[in-house]
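Hello,

Here is the structure I promised to pass on. Please open it first, then read my notes below.

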Amino acid sequence: KINEHESKTHRTKRRDGDRQKKKRRNERRKGGTRAGEGEEDLQAVSEKRERSKRKRAKSKQETKDNDKDVVRLECLSPEELEKLKEAVDERKKLIQSLRGKPWAMKKKLVTLRESQEFVEKYEGALGKGKGRKLYAYKVLMTKKWMKFQRDFENFKTACIPWEMKIKEIESHFGSSVASYFLFLRWMYGINMILFGLTFGLVMVPEALMGRPYGSMPRKTVPRAEEASAMDFAVLWDFGGYAQYSVLFYGYYNNQRTVGWLKFRMPLSYFLVGVGTVAYSYMVVIRTMARNANESGVGDDNSFNFSWKMFTSWDYLIGNAETADNKFASITTSFKEAILEEQESHKDDNIHLTRFLRVLANFLVLCCLAGSGYLIYFVVRRSQKFALDGLENHTWWERNEVNMVMSLLGMFCPMLFDVISTLENYHPRVALQWQLGRIFALFLGNLYTFIIALMDEINLKRKEEKIVKFNITTWEASLYNGTVSENSTASPVTIHPADVPRGPCWETMVGQEFVRLIISDTMTTYITLLIGDFLRAVLVRFLNYCWCWDLEAGFPSYSEFDVSGNVLGLIFNQGMIWMGSFYAPCLPALNVIRLHVSMYLQCWAVMCCNVPQERVFKASGSNNFYMAMLLVILFLSTLPAIYTIVSIPPSFDCGPFSGKNRMFDVIHETLESDFPPWFSKVFSYASNPGLVLPFILLMVLAIYYLQSTSKSYREANVELKKKLQMQNEENKRKNKRAALKAQMDLEEARMTAQEQQRNNNASVQDQESGSLNSNINKEY
Amino acid sequence: MLMVSPAIALAFLPLLLTLIIRYRYFFVLFYRAVLIRMWKDCVTGLSREERAFQYVLTHATPGDPDSILDTFDVWCSKVEFISNIGPKKGKILDRLLMEHSPLTVLELGAHCGYSTVRIARSLPLGARLYSIEMDQRNAAIAEKVIRLAGFDDDTVELIVNPSDEVIPQLRSDYNLERLDFVFMDHWKKCYLPDLQMLEGSGLLGKGSIILADNVLFPGAPKFLRYIRKSGLYEWRIHRATLEYSKGIRDGMAELVYQGIK
């Protein structure tokens, strides 16, 4: 009974306490203005804070109270303000030094939160007199600004195109597949800029301000083709109306300025052509340099197994199957590494492997030669067809060149892959060989194509001479005719479609490239749909009623072929670079292509591919891709520059018609648009006597920079060695110190055993010993 | 008219070569297991199993299981193809039997007795092997092979019936309490239903081992999916190549029954 009574009283007491608290709160809410109570309340609040766990609702109420507090604080006495200021400063200091405090994490977190809240609450109230409000406003604004910045960052990441898609792919397929998509996105960005340049500075001005369609022969479909100019088959081959439009070189007129803006069309055309290539060089080289900086530090075959042990897991993988695969690949990489280690110690039957490697290379060479010959053969045949007239031949025969090139580009890499199993290389080396071979194949195909084009250009130019002669006779006859009829009559108006015209090899080249790009794109998409999607559908659904396991066994799902895709992308870009001078529509087409293939491939990867078994690190090989891109860029600018510099432009079409060479447009501009002194300076500057020393200087500068970078690299290596040495030294020192400490310990123990009285001292010794070793360890 | 030009056809040559080289083992297998078999069936008028038995009868030492197995291996790798478990995967089977020395063993799919002999060879004394074969003619040959190897009725009992009829009757007809070891090598589609039937019959105890051959090629995807999900087993896959063939990957699934935890 007594107990019960006691508990009752206790309860009532507690209730009283509660009531008092409530009362106090009410008073506060009323807005008591006495300073002393404010201080007391402050303490109460902070005391309450010290109790770590609070309910949400309560804290809400408190924030309400806080507002009141802030309002009320205006009326504090200066002393109290000073105190408050000190408290705030202390909290700030606490926040800064929290990291070094030897507390439990939980306590740290709680303290941090509390201190931040405290500072947040009272900081705004500090400051003096009139400045106080401004100060509070400032604090508020900085907070708002910070929040805005954070939101903006989030917004920015949300704005990066396809970021989420790529992240998802990365989580399923690991970083190597994602690297392809990053590369694709990068390509897309570059092509956007190329497209912006050609579209904004060449195509739009011509379409808006140049002479309209039908105003002159080069802008009109000739009478003979008029009937079929709108047929789909013709348009699909970029003939007919598509050929006589801003999409191709031949449509542009050679008038020096167009429109009321006096836009220098030929100059702009030339400079955009040069600028796209220059921009591409700049971007590729800059990216390469940046990548080199990133990957330049690690050399490291020294701790192969440790690296594999601790760094091979890809933490971006987010699904069980991929994790399994990664597990498998890590296991295999370990196996490989062990094998490699063994192989480096003993080499058995080196002759057989050598023989097999030579054989494999021989086979690959045969294959390359065969494919080169096939393309050559097909190109020659297509020239024959072209002489006969394309209408007499089937669609297959007309598109033979592109089809054969696409098919070879698709199937030969597979054959190389099969052949490369003969060589028994390490997978990474094998991959490089594979990349090199595919590169050679594509390059061979491309250059065969270009050489064939050159032949065709020469043919056209021979034709041009004849046509030129014919036209002069035609004009003469026209003139004679008019003269004989009536000398005062206005000159006869002939519809531009009827005027005879010369051939236009530039447009022909542009058309060829556009057709090549289109057929390449089609092949890529069709392969994707058949090779990946259809196969996946068959495997998935036939598996219910098939006599063996289709998923694990023979056809299986396809893997995403990173190297092949990257190379395809690179060569595609090479063709764009080569052809965009003669077909300004190429960057636009490429942008569309890349856009579609981004979505299509993302979908295809997620829907019908399985992760690769042979995974290679993406970051290392990225620069390899870039280097290949650079080589391709160089190789693709070569023919373009050759044609620009050495072949005179067609006399009857294009912005440079009537000039001896295309780059004469610069001379012309210098002479007519710039003050005379400028052209004089330019002519001096282009004097070989000045150019050669300048080139020499540049070579010297490059040599100097290269040698300095080399010396830096050496210095880096030296420093690394030094660090390693120091590390080892430290280790040795630590070991020695630890040994010494142990000896001391032993000694102390001995002494402790011997002399029971000096127990205290020995304990101290021991402590100092362990402390020593600890310090050493930390050091 | 879609006349494809010869050049385009030639461009498909690399693909053809690739396919031939990559899947050469499958072509060889197809040739050996299907074409040769059909031809020999027509020529001799005997079934493949009977031809194999004749060869074994003339070349092996009666009463010596090792010799019989070797002769089978020679015939399967040199003459024709029969999908026995083969010497390499057989080693895994032998090792498992040696390690666990099971007393009651069930074999699903005796075919022509190769695996039966293989199992019976490495069983401990007093152990009993129940072997189930569906096909009458195969069972007759299996019986002969088993007797030729010198195993009597006490060691090996051959049951000629489909497995889905036999398994529910095992407890009542053969007084079985528990199966220590089950070897599956019959129709790949029956793996899953038979496994479920074994679970249902209550013959599996904690630690019972089930070994399923050919789970990757020809493959039993539903079976694998089921054991992954069920949680009743500890399982692993022994990866190997298909019997008597180097390049085709195959595996055996080893399941250890854990029961419901």
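Start inside chain B. Strand 4 of chain B runs parallel to strand 5 (residues 204-212) of chain B, and five bridges join the two. One of the pairings puts B:F183 opposite B:L211 in strand 5 of chain B. Please keep in mind that this is a predicted model.

Strand 4 of chain B also pairs with strand 1 (residues 104-108) of chain B. These two run parallel as well, with four bridges between them. Here B:F183 is the bridge partner of B:E107. So B:F183 has a bridge partner in strand 5 and another in strand 1.

How many residues of strand 4 (residues 179-184) of chain B are buried? Six of the six are, so strand 4 is largely enclosed by the rest of the structure.

Now the interface. 30 residues of chain B are in contact with 27 residues of chain A. The two chains bury about 2,300 Å² between them, and 73% of that lies on carbon and sulfur atoms.

Across this interface there is one salt bridge. It links A:D417 to B:R22, with the closest N and O atoms 3.7 Å apart. One residue pair is in polar contact across the interface, both at pLDDT 80 or more.

Which helices of chain B each supply at least two residues of the side touching chain A? They are helix 1 (6-11), helix 2 (13-22), helix 11 (215-219) and helix 12 (221-230). Helix 2 of chain B gives the largest share, six residues. By class, that side of chain B has 22 nonpolar, three polar and five charged residues.

Best wishes

Technical notes
Residues numbered from 1 in each chain as written. Chains lettered and ligands numbered in written order. Predicted model: local features only at pLDDT ≥ 70, side-chain atom pairs only at ≥ 80, totals over all residues. Heavy atoms only, no water. Contact = heavy atoms within 4.5 Å. Buried area = accessible area lost by both parts, 1.4 Å probe. Salt bridge = Lys/Arg side-chain N within 4 Å of Asp/Glu carboxyl O. Polar contact = N/O pair within 3.5 Å; in protein donor to acceptor, adjacent residues only side chain to side chain. Nonpolar A, V, L, I, M, F, W, Y, C, P; charged D, E, K, R; others polar. Buried < 20%, exposed > 50% of the residue type's maximum accessible area, 1.4 Å probe, protein only. Pairing = 2+ DSSP bridges.
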